Structure formats: structure tokens, C-alpha cells
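Visitor: I'm new here and would like to learn how to read a structure like this one. Could you walk me through it?

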Amino acid sequence: MSTARGQEIDMTQQAKDESIEINNKVEDNAAENKTAKNNKIENREENDKAMPEKDRKKEKGSFLKELLIYVCIFLVLWKVVPAYIIERTVVDGTSMLDTLQDEEQLMVEKLSYQFSDPKRFDIVVLMPYGEDVDEYFIKRVIGLPGETIQIKDGKIYINGEVLDENYGKEPIIDGGIAKEPLTLGEDEYFVMGDNRNGSDDSRADYIGPIARKLIKGKAVLRVWPIYHFGSID
């Protein structure tokens, strides 16, 4: 009996020792896991500290690029488009009645005249007194370079033949410098207002034929008043 009880005690003690050993292993593993977890957290914190710095540099570079793009777009819209492509203008006066009314707003297209010359009957914006004088007229092209123009008996003659047109508001009373045949230079245009008896144009000796470089654009669209919106003939 004593031998069996002794064996039970030994087995019990052995089981306790094994349990303690297992617990110690579990604690060691837990400690190792905790240490590893703490190391990961520290590494993540270091990475988190490093990342914002990179992001800030990246965001700063992106912002500067976007700002540069917006500045370029603004300059193009402010300078390039009105100077070389299209621009809004306002009719001042009645020299183009009945085609255009006083204070109507028009879009003047400039790009096509960079590649081609004005055509007969184009409605153009020009600088009558030269590029040194900041004043603009809007008139219709009547005579082209090299042509001979004359106005007599209320009619316009081009190279001796009557010009077939019906833009004039009324018959012409005064032919001005074109009462006698007038031959245009190789880069000159003869322009007139549709309100033929109420227009200062190429018939006046203080204006005369218009040099090609002084024609700045072609009126293509009426935008105001809205009930007259549309293309211009």
C-alpha cells in the first residue's frame, strides 16, 4: 500500500512539474509575442513619422505644378486669346445701320486672318488712324488690293463694272475721294459703312484706303442683345 501511494505522490508531483513547465513556456511565448508586437508598433510609428514627410513633399510639388498650370491658363485666356483668336467688341455708333445697331456686342474672330486675307463684304474691325492711335472702326470690305474703285451716280464700280451688292442702307450721295477712279495698293482695302451717308470710311481723305496690317479681325457673331443672337452677314 505504501508503495502504491508513493507512486501516486510521484505522479502527482510530476504532473505539477509539467504543468508549471507548460505555464512557463506559455508565459515565455506571451512575452515574446508582446515584445514582437511592441517592436512592430515601434516600427510602424517610425514609418508613420517618415511617411508624412514624404507626403508633404509630394503634395507640395503637386500643388506647385497645379498652380503653374492655372497661371498659364490664365495668361492664355487674358492675353493670347483676345490678341490672336477671338475677342468681344461693342458697336459704337450708327455707321453700320441697318446691319449692326449701336451698342450691340459682337465676337470678332482673328485667327483666320493670320492665314488668309480679308474677302469682299467681310465686316472687319480696323484701326483707321494707324496702330499708334488706340481707336477702332467696324466697316465692310468693298474694294480689294490692286482693284480700281469709283463711286458715281450712287453706285460702286470695281474695275469699271457695277458692284452687285445690297448692303447699303440707301443710295450713296457722296463718293468722297472715290468720285474719280482710285486704284488700291497691293496691301490696301477700301472699306465703307453700310449706312453709306452716315459713315466715316475710306471715302474720307483723312482715312482713305486701309493697309492690311490695320485690319485686326472679322465680326462673325452677334451675342447681344440676346434676341438678335446669331451670325453676321
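Guide: Sure, let's start with one residue. E135 counts as partly exposed because its relative accessibility is 34%, and partly exposed is the range between under 20% for buried and over 50% for exposed. Keep in mind that this is a predicted model.

Visitor: Where is E135 found?

Guide: Look at the loop between β3 (123-126) and β4 (137-143); E135 is found there.

Visitor: Which residues gather with E135 in a patch of negative charge?

Guide: Its partners on the surface are D92, D102, E103 and D134. Asp and Glu count as negative, so a group of them can be read as a negative patch.

Visitor: Now the rings. How is a pair of aromatic rings described?

Guide: You give the distance of the centres and the angle of the planes. In this structure the count comes to 2 aromatic pairs. One of them is F121 with Y167, with 5.0 Å from centre to centre and 50° between the planes, and that makes a tilted pair.

Visitor: Which parts does the pair of F121 and Y167 tie together?

Guide: F121 lies in the loop between β2 (105-109) and β3, and Y167 in the loop between β7 (161-162) and β8 (182-183), so the pair links parts that are 46 residues apart in sequence. As for cover, F121 is partly exposed, at a relative accessible area of 21%, and Y167 is partly exposed too, at 26%.

Visitor: And what kind of pair do Y129 and F137 form?

Guide: That one is edge-to-face: the centres are 5.8 Å apart and the planes make an angle of 75°.

Visitor: Are Y129 and F137 buried or partly exposed?

Guide: Take each ring in turn. Y129 is partly exposed, since its relative accessibility is 34%, whereas F137 is buried because its relative accessible area is just 16%.

Visitor: What about nonpolar residues on the surface? Which ones make a patch?

Guide: Find I85, I86, L111 and F115: together they make a nonpolar surface patch of about 380 Å². F115 sits in the loop between β2 and β3, and it counts as exposed because its relative accessibility is 70%.

Visitor: Let's zoom out. How many helices and strands does the protein chain have?

Guide: The chain has 1 helix and 12 strands. Along the sequence, the pattern is α-β-β-β-β-β-β-β-β-β-β-β-β.

Visitor: And what share of the residues counts as buried?

Guide: That comes to 29% of the 233 residues in the protein chain.

Notes
Residues are numbered from 1 along each chain as its sequence is written. This is a predicted model: local features need pLDDT of at least 70, side-chain atom pairs count only at pLDDT 80 or more; totals for chains, interfaces and linings use all residues. Side-chain values use heavy atoms; hydrogens and water are left out. Patches are made of residues with over 30% relative accessible area and no salt bridge: like charges are joined within 9 Å, nonpolar side chains (Val, Leu, Ile, Met, Phe, Trp, Tyr) within 5 Å. Accessible areas come from the Shrake-Rupley method with a 1.4 Å probe; for residues, only the protein chains shown count as cover. A salt bridge is a side-chain nitrogen of Lys or Arg within 4 Å of a carboxyl oxygen of Asp or Glu. The place of a charge is taken as NZ of Lys, CZ of Arg, CG of Asp or CD of Glu. Helices (H or I, at least four residues) and strands (E, at least two) are DSSP runs, numbered from the N terminus. Buried means under 20% relative accessible area, exposed over 50%, partly exposed in between (1.4 Å probe, protein chains only). Rings of Phe, Tyr and Trp (its six-membered ring) pair if their centres lie within 6.5 Å; planes under 30 degrees apart count as stacked, over 60 as edge-to-face and the rest as tilted.
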